[in-house]
Structure formats: C-alpha cells, structure tokens
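Colleague: I'm new to reading protein models, and I'd like to understand where the descriptive words come from. Could we go through one together?

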Amino acid sequence: MAVWDLAVVGGGPAGLSAAYVAARAGVRTLVVERAVHPRYKTCGGGLIGTSLAAVADRVEVPAHDRVDRVTFTRDGRREFTRRHAGPLVAMVRRDEFDERLRAAAVAAGAELRQRVAVRAVEEVPEGVRLRLADGDAVTARTVIGADGSSGVTARHVGVRHRQVDLGLELELPVPPPEQARWRGRALLDWGRLPGSYAWVFPKGDLLTVGVIAARGAGERTRAYLRSFVERLGLSSVEPVHDSGHLTRCRSEDSPLRRGRVLVAGDAAGLLEPWSREGISYALRSGALAGAAVVADDLPGYERAVAEALVPSMRAGHRLLDAFTRRPEVFHALLATPPGWRMFVRFCQGRASFDETLGRTPVRAALALLDRLPTSRRTSTSLFHPGS
C-alpha cells in the first residue's frame, strides 16, 4: 500500500488550502472528499478582506456582488444604512468558490479522491491510516482533518467547544426588480434571541437569507427566520436551498493535534465567535497546517494558530458578550462614526478584532456596556428545548 506524505480529509476551504500549500512545496498530497465538486454548502458566502488576501495568489474570486452598503436594523426597527467608498465584502456561492480552490490545489500537484467518506482514523507505524466507507484505506505520514465540526477527525483529536450555534439559511431566486433593490447592499438585523442576528446577502439572481442563534432555541430560531422573510416581503418565493447547520467554536484549551493528525477550519472549531465568520479562519488555518507539514514541525501549527488566530477569537467572545447583554446599545454604537469605522476595518481585513478592541474609543464603549444593567430582553436563558 502506497504511503502518502499527507492526506487531507475534506475538500472545503481549509482542506484545499492545506493541500495547496503542501503540494506546491513538493509534498505528496491526497485530498479525500465525501461529496463531488462543485457541491452546495450552507454558508453566507461573504468574503471579507482577510479571506480575499488569503487566496489572492491562487484563484480569481467568482464574486456575484460586492457590497459597499450595509443596512442595520434592531428586530426590524431603528433602521439605518451606512455606505463606504470601496467594497466591504465579496459575495460568492460556495460551490463556485470551492471549485476554484479545488482546481488550484490540483494544479499545485495535489491528488483528489471524491465520493469517499472516512469512517475511522488510526495510528499505525507508518503514520496514520484512514478507513474509508467503501472498505478501502489510505495511509499517510500526516493527516490534516478539515471535515467539519462533527467530522471523524475532530472526534479523533478530541476537539472541545465553548460555543455552539444553529444557523438556518435560504437561497431565494428573485426577479430583476428585487435584484436591483439589493445590488451592492447587505442587511444585518439584530434579533430578539440572545446573541442572534439575521442577514440578507445579494448574489446576482439569488438572495442568501439566514439567521443564527445559540443552539437550544431551535423552534424560536426557525420562527425568527420565518418572520424575517415575511418582513422582507419574500415569503412567497420558493427557495432553491433550505438548509441548516451547527457552527461550533472551540474552547481555547481545546487540542488542535493528536500525534500526526492536525485539525483545521471548522474541524478545529476555528471561527469568529461574534459574527460566526469562518471562511477566513478556514483559509488561514488550512494554510498554517499545510506549512507545518512542509516544515515537518507539527507542534509549530499549534503555536501559529495561538499567535495568528486565537487573539481575535478571544476578542470576538468579548464582543459577543457585550452584544448579547445589550444589543440595542451595540446597534446604536454601530451608527456612530467610530462604530462604523470598526465595522469597515473588520470587513476589509485592515484590523483584527483584538487590535480593534484595543483602541481607546472601543475600550471606553465596552467599559460603558459593562456598567449598564443587562437588557430585560437578553436576560432570557440561552437554552430552550426544540433545537
């Protein structure tokens, strides 16, 4: 049985980034993917500046829109819109974006096996063996797991989660007048459920409409989505996709490696806790994992994540806590010039959240929020039956 230098489990942004970096450096790399590209993926599909920078040297981003205006509402009320001179977010459809990443990884020298599910991960003298659903096996010196937060590699490594959220999403085909209404504009609505929000993202002839809230309030989250769509006047539109998923954010002391198995992206629980933005974390962590394999320094991956990604995640938890306790104050702060500038810097990748939260005006605003009593609306328990 041939032994690969690297086997990557999962053909999303994290896995394909790892494969691209490793294969380009001459590492014999195999990517194992259970689906077939191009495939639909539940995802808002907004690429912030950090994501665009991460792929600038390998793919042309297939953007269907570039947002330069954002409308904010608080449970459908207190609406205001802010505009920036340049684009803030590039809107992609994940089937197209991931297909570009796949092509780049293959062009770099990686081999791809599709329609292959991994059932078990075993340590063997040669390195790591992957047991496949079809009865076959793959052996590699090192494995990078990028098969999602509920995948087999996360279980093997023992990833632990601090935060779990339920995201629901619709892809709605809309006629030209509705396309024109949303072109270049996104909507963010801060919801009634603690820490929740809803969004509208334009993608040409499709609108991505979704909500996210803490797991445990499943029926209330579904009700939020229904009321949000009705408020938008889109209840009569039949979605081409109606899906949901759980996003899981790691505990800070959660492992990223077990022996010669690394986890990246969603499999590692790496995402921004407040916005739940995960694509930039997948792209960067995958590249860091691939670089660690190239250098044959697997502990170096853990150090790199701690340095490059953990500080912003820590700041994101701080921001989520403030948003959950006083969403109406958070909404008002975004309407101010400093609040809008903070949001723009995040979208454009010009400042991480830890850098932003270190600025004096932001520290003062968070200190003010700490002194205010918790909003009555947000004092409800985060956990409800029905998810």
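Colleague: What makes a residue count as buried, and how many of the 387 residues do?

Modeller: Buried means under 20% relative accessible area, exposed means over 50%, and partly exposed is in between, using a 1.4 Å probe and protein chains only. By that rule, 59% of the 387 residues of the chain count as buried. Keep in mind that this is a predicted model: local features need pLDDT of at least 70, side-chain atom pairs count only at pLDDT 80 or more, and totals for chains, interfaces and linings use all residues. Residues are numbered from 1 along each chain as its sequence is written, and side-chain values use heavy atoms, with hydrogens and water left out.

Colleague: Why is R93 called buried or exposed?

Modeller: R93 has a relative accessible area of 17%, which is under 20%, so R93 is buried. Its contacts (heavy atoms within 4.5 Å), not counting residues up to four places away in sequence, are H64, K203, G204, D205 and L206.

Colleague: And why do R78 and D296 get their labels?

Modeller: R78 has 51% relative accessibility, over 50%, so R78 counts as exposed. D296 has 47%, between the two cut-offs, so D296 counts as partly exposed. Phi of R78 is near 50 degrees, a positive value in a residue other than glycine, and phi of D296 is likewise near 50 degrees. Most residues other than glycine have a negative phi.

Colleague: How do you know how α1 and α3 are oriented to each other?

Modeller: Two packed helices are described by the angle between their axes and the distance between the axes. Helix α1 (residues 13–24) and helix α3 (residues 94–107) pack at about 15 degrees, with axes 8 Å apart. Angles under 35 degrees count as roughly parallel, over 145 as roughly antiparallel, 65 to 115 as roughly perpendicular and the rest as oblique. The angle of about 15 degrees is under 35, so α1 and α3 are roughly parallel.

Colleague: What is the chain's radius of gyration, and why does it agree with a compact globule?

Modeller: The radius of gyration is taken over C-alpha atoms, and the globule rule is 2.2 Å times the number of residues to the power 0.38. With 387 residues the rule gives a value near 21 Å, and the chain has 21 Å, so the two agree. The C-alpha atoms fill a box of roughly 65 × 45 × 45 Å, taken along the principal axes.

Notes
Axes fitted to C-alpha atoms, helices over the stretch in contact; angles between N-to-C directions. Helix = DSSP H or I, 4+ residues; strand = E, 2+ residues; numbered from the N terminus.
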